[in-house]
Amino acid sequence: MNTTRSDLTAALKNPLFRRIGELGDEMQMPVYVIGGYVRDYILTGAPKKDLDFVVVGDVIPFVEELVRRLGVRQYHIYRNFGTAMLHYRGFILEFVGARKESYARNSRKPRVEPGTLEDDLKRRDFTINTLALGLNQEHFGRLINPFNGLKDLHDRIIRTPLDPDITFSDDPLRMMRAVRFATQLDFDIHPQTLEAVGRNRERLQIVSPERIIDEFNKILLAERPSKGLKLLFETGLLDQFLPELSALQGVEEYEGKTHKDNFFHTLEVVDNIARTDTEGNLWLRWAALLHDIGKPASKRYHPKNGWSFHGHEFLGGKMVPRIFRRLHMPMHRDMKYVQKLVQLSSRPIALTEEHVTDSAVRRLIMDAGDELEDLLLLCEADITTKNPVRKKRYLANLQAVRQKIKEVEERDRIRNFQPPVSGELIMKTFGIPPSKTVGEIKDAIKEAILEGEIRNDFDEAYRYMLRLGKEKGLEIKEK
Ligand code: CTP
């Protein structure tokens, strides 16, 4: 961690900081770079592209002059809010006038009035985000650290600068942000701050689903999402927006038989995916998160066989659109992708039990389509058994499925299956209008290909179609 004075001046190497400071001097306004830029620079030494500035004084004329001097062409000035955003040489610069803010209880609308730098810093979320670096000549590079944020950064602690009940009541989204920062940075939440999250959890209800999910997605995309998911569960935040997931927690026992805790199993699966999916496919992580979501509703106990969750994939698949709609998440491609993976999540494993026949593999390839590789990754991640013999056997089985898929694909070109004989051709050949019969013939051809009775090829499918027509008493009108 870089925390010496000279290192922090090094954080301001870009001449942009000097130019902003000079303007502050000319207009007699103190100006600071604050928040994430300072925090991440101290933590990693890498300068962020998002820069937040606080100007003590009237920020709008300050920004207008800066825009003119730098020749910035892309910018927005929000006069009503006293903020501005500028795009400049790959950076995003945000400006705000130092202010005091207070929020009325059931509203997100703040009452705002001008304030000092310290007023501004103390209404921010966490001490690690209250560090500021001076940009005016007189204090260029000086670290302003009124809430001991530097020590918390060293000690890896998330803590609110004020009484946490006040900070969270100003903006309850900050409870999600506490968990998000703890997960991304692998920090601990200070016990008093953590207790306040639990106490204020229900206040999350006044936050829009979009903002909640924005933070939640960052937790899912972290290196070890389970850390955040556990915190969300323990504080009761998870119940506020995704109660279906907390419902997975718990182990029931009947006649001495238990089942696994599906919540903690799910967390392991998400962590496993985070390890293999280094590119950060958010929706694959969502699929891992929801793959067992249908289990509570499908749980049964049979005296002979013990616990079962028959059909949980189907039920889970039906729950996915409801969850996505409620949380205002993208309903089309992304929801369908997650739903498909949830619905198919047990198929490759089931295959291994019925010794991987060609026809079962063909069906899987066809049903999974472009999602086949992601589905196999999910299945591998789903193996969380602590029994090394079983683990080895499951992995070997999946390997066998992969091998078989490769063979079948090379031979049968079944992925993204297009029927070799079209409905048009069936109608023309037998001189029949669009009807149930056309669909039946098409389906029968598809089945025959999947079962391996005929090859996925036009000539064989055409001959098969003629045979089917004859069986149905149809006459050939056009060859
Ligand atoms: N902030 C806050 N309360 C919020 C959101 C933001 O107090 N609900 C403050 C924090 O001081 C934060 C700054 O506004 O540092 C900028 O917010 P944002 O850009 O969201 O966060 P960063 O700290 O820059 O971190 P990241 O880029 O990782 O989101």
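A polar contact here is a pair of N or O atoms within 3.5 Å. The model is predicted.

**View 1. Polar contacts link Lys48, Asp125 and Arg174 to the ligand.** A polar side-chain atom of Lys48 sits 2.6 Å from a ligand oxygen atom. With the cut-off at 3.5 Å, that pair counts as a polar contact. Asp125 uses its backbone: an N or O atom there lies 2.8 Å from an oxygen atom of the ligand. Arg174 meets a nitrogen atom of the ligand instead, with a side-chain N or O atom at 2.9 Å. On its own, the ligand has 560 Å² of accessible area; the protein covers 77% of this.

**View 2. Helices H3 and H8 each give two or more residues to the ligand shell.** H3 spans residues 36-44, and H8 spans residues 173-185. H8 supplies the largest share, three residues. The ligand has 13 residues around it. Those that come nearest are Arg39, Lys48, Asp125, Asp171 and Arg174. By class, 10 residues of the shell are charged and three are polar. Nonpolar residues are absent from the shell.

**View 3. Seven strands make up an open, mixed sheet.** The strand order is S3-S4-S5-S2-S1-S8-S9. S3 (74-78) and S9 (143-144) stand at the edges. Each edge strand has a single partner, so one side of each lacks a neighbour in the sheet.

**View 4. Strands S1 and S2 pair in the antiparallel sense.** S1 covers residues 31-34, and S2 covers residues 50-55. Four bridges join the two strands. Val33 has Phe53 of S2 as its bridge partner. Val31 is partnered by Val55, also in S2.

**View 5. Strands S2 and S5 run parallel.** Six bridges connect S2 to S5, which spans residues 91-97. In this pairing, Val54 stands opposite Val96 of S5.

**View 6. Helix H3 lies across four strands: S1, S2, S8 and S9.** S8 covers residues 132-134. H3 runs at about 55° to S1. H3 is also one of the elements giving two or more residues to the shell around the ligand. The view therefore holds a helix that lies across the sheet strands S1, S2, S8 and S9. S9 is an edge strand of the sheet.

Conventions. Residues numbered from 1 in each chain as written. Predicted model: local features only at pLDDT ≥ 70, side-chain atom pairs only at ≥ 80, totals over all residues. Heavy atoms only, no water. Near = heavy atom within 4 Å. Polar contact = N/O pair within 3.5 Å; in protein donor to acceptor, adjacent residues only side chain to side chain. Areas by Shrake-Rupley, 256 points an atom, 1.4 Å probe, with all protein chains shown as cover. Nonpolar A, V, L, I, M, F, W, Y, C, P; charged D, E, K, R; others polar. Pairing = 2+ DSSP bridges. Contact = heavy atoms within 4.5 Å. Axes fitted to C-alpha atoms, helices over the stretch in contact; angles between N-to-C directions.
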